[in-house]
Amino acid sequence: MVVWVFAGGGEAEVGRSQLKFSEVGGLIPFLHKHFPGCTFERKTPVRQKPGPKPNKNLAYGKTGQSLIEQIKKELQIALRGGKCDLILVIDDLDCRNPDEQKQKFLDAIDTVSAATDIEKFVGFAAPELEAWIIADWDKMARHRDFMGNRWQRMRWWLSSQRNIDFEHPESFSEYDVEKDSCRDKLSAAIVEASERLDESNRNKPRFSKAEHTASLLREIDPSIVQKKCPLFREIYNKLNQFCQSDGII
């Protein structure tokens with residue numbers, strides 16, 4: 001079963017190559033690892049071709065409306081070379097309404113007539129991919145940059161100073177109309193926690209969304225995450241069913 005993945009976020013979060021997912025990674029390696037019955041082909045973020053002048057129109061980090069517009073373009077391009085069994089969209093929800101966002105993505109895909117008979121699924125990381133890391137926070141203890149008691153001190157700070165609920169991480173923050181995103185960023189809170197000046201942080205690198213989010217995504221256990229993140233559970237259940245079937249659900 002071939003799944004085309006249209007994802008928001010940056011290169012490190014999604015993964016550079018399905019052939020080298022042990023070296024780099026994030027979302028695509030995570031999908032390959034836990035849903036081996038499917039072959040996941042990344043369509044966005046679009047890979048930059050090597051060269052002195054990168055195409056700014058293909059810049060990483062597209063999400064929300066900019067990702068919707070990119071999907072309409074890239075899906076048409078992809079369909080010139082063949083078809084897939086499932087079109088999978090995964091984006092940061094950024095505290096927006098999940099039903100409204102889902103319909104926007106589906107409406108955009110429906111504008112591509114050649115994709116009419118292909119199954120589609122839209123899922124969200126809420127409010128960001130880092131919610132999945134929060135849900136399985138114990139994996140931080142195994143990472144060389146956070147082992148010892150650093151991961152525990154960070155958890156205490158995030159819980160007591162930023163009111164992050166480790167049992168319900170998707171509940172973090174609220175929608176800000178002017179920003180069209182969350183009032184507070186979950187990833188920024190984790191970075192701030194890693195910058196606190198105490199013994200556990202001495203001479204340790206701060207949390208990097210590019211490096212640590214990608215590496216920790218490869219370690220988290222989706223069976224744990226799905227118990228604490230209802231929107232993730234929708235993705236988890238869908239892919240568990242689809243990748244173990246003949247595509248008929």
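**Notes on helix packing and salt bridges**

1. Let's start with one residue, I71. Setting aside neighbours within four places in sequence, I71 touches F6, V89, F105 and I109. Keep in mind that this is a predicted model. I71 sits in helix α3, and its relative accessible area is 1%, so it counts as buried. Its C-alpha atom is 7.6 Å from that of T44, a residue 27 places away along the chain.

2. Now look at the helix around I71. Helix α3 covers residues 65-79 and helix α4 covers residues 98-110; their axes come within 9 Å and cross at roughly 25°. Because angles under 35 degrees count that way, α3 is roughly parallel to α4. The crossing of α3 past α4 is right-handed.

3. Which residues make that contact? From α3 you'll find L67, I68, I71, K72 and L75, and they meet K104, F105, A108 and I109 of α4. Sort the residues of this contact by class and you get seven nonpolar, two charged and no polar. Notice that F105 and I109 also turned up in the list of contacts for I71.

4. Here's a second helix pair to compare by eye. Helix α6 (residues 150-161) packs against helix α7 (residues 186-194) at an angle of about 125°, and the axes are 9 Å apart. That angle makes α6 oblique to α7. Once again you're looking at a right-handed crossing, this time of α6 past α7.

5. Who does the touching here? On the α6 side there are R150, M154, W157 and L158, while α7 brings in A189, I190, E192, A193 and S194. Six residues of this contact are nonpolar, one is polar and two are charged.

6. E192 deserves another look, since it also has a salt bridge with R162, with the closest N and O atoms 3.0 Å apart. E192 belongs to helix α7, whereas R162 is in the loop between α6 and β5 (175-176), so the pair joins distant parts of the chain, 30 residues apart. Are these two buried or partly exposed? E192 has a relative accessible area of 26%, which makes it partly exposed. R162 is partly exposed as well, at 31%.

7. How many salt bridges are there in the whole structure? A search finds 19. One of them pairs E234 with K102, with 3.6 Å between the closest N and O atoms. This one ties together distant parts of the chain: E234 is in helix α10 (residues 230-242), K102 is in helix α4, and their positions lie 132 residues apart. Both ends are partly exposed, with relative accessibility of 36% for E234 and 24% for K102.

8. Another salt bridge brings the side chains of E128 and K185 together, at 3.7 Å from N to O. Both residues are in loops: E128 between β4 (119-125) and α5 (130-135), and K185 between β6 (181-182) and α7, 57 residues apart along the chain. The two ends are worth checking one by one. E128 is buried, with 2% relative accessibility, but K185 is partly exposed at 34%.

9. Finally, zoom out from E128 and K185. Both are part of a network of salt bridges that also links D94, R96, E130, D180 and K209. Try finding those residues in the 3D view.

Technical notes
Residues are numbered from 1 along each chain as its sequence is written. This is a predicted model: local features need pLDDT of at least 70, side-chain atom pairs count only at pLDDT 80 or more; totals for chains, interfaces and linings use all residues. Side-chain values use heavy atoms; hydrogens and water are left out. Axes are lines fitted to C-alpha atoms, for helices over the stretch in contact, and angles run from 0 to 180 degrees between N-to-C directions. Helices (H or I, at least four residues) and strands (E, at least two) are DSSP runs, numbered from the N terminus. Angles under 35 degrees count as roughly parallel, over 145 as roughly antiparallel, 65 to 115 as roughly perpendicular and the rest as oblique. A crossing is left-handed if the near helix is turned anticlockwise from the far one by less than a right angle, and right-handed if clockwise. Contact means heavy atoms within 4.5 Å. Ala, Val, Leu, Ile, Met, Phe, Trp, Tyr, Cys and Pro count as nonpolar, Asp, Glu, Lys and Arg as charged, and the others, Gly among them, as polar. Buried means under 20% relative accessible area, exposed over 50%, partly exposed in between (1.4 Å probe, protein chains only). A salt bridge is a side-chain nitrogen of Lys or Arg within 4 Å of a carboxyl oxygen of Asp or Glu.
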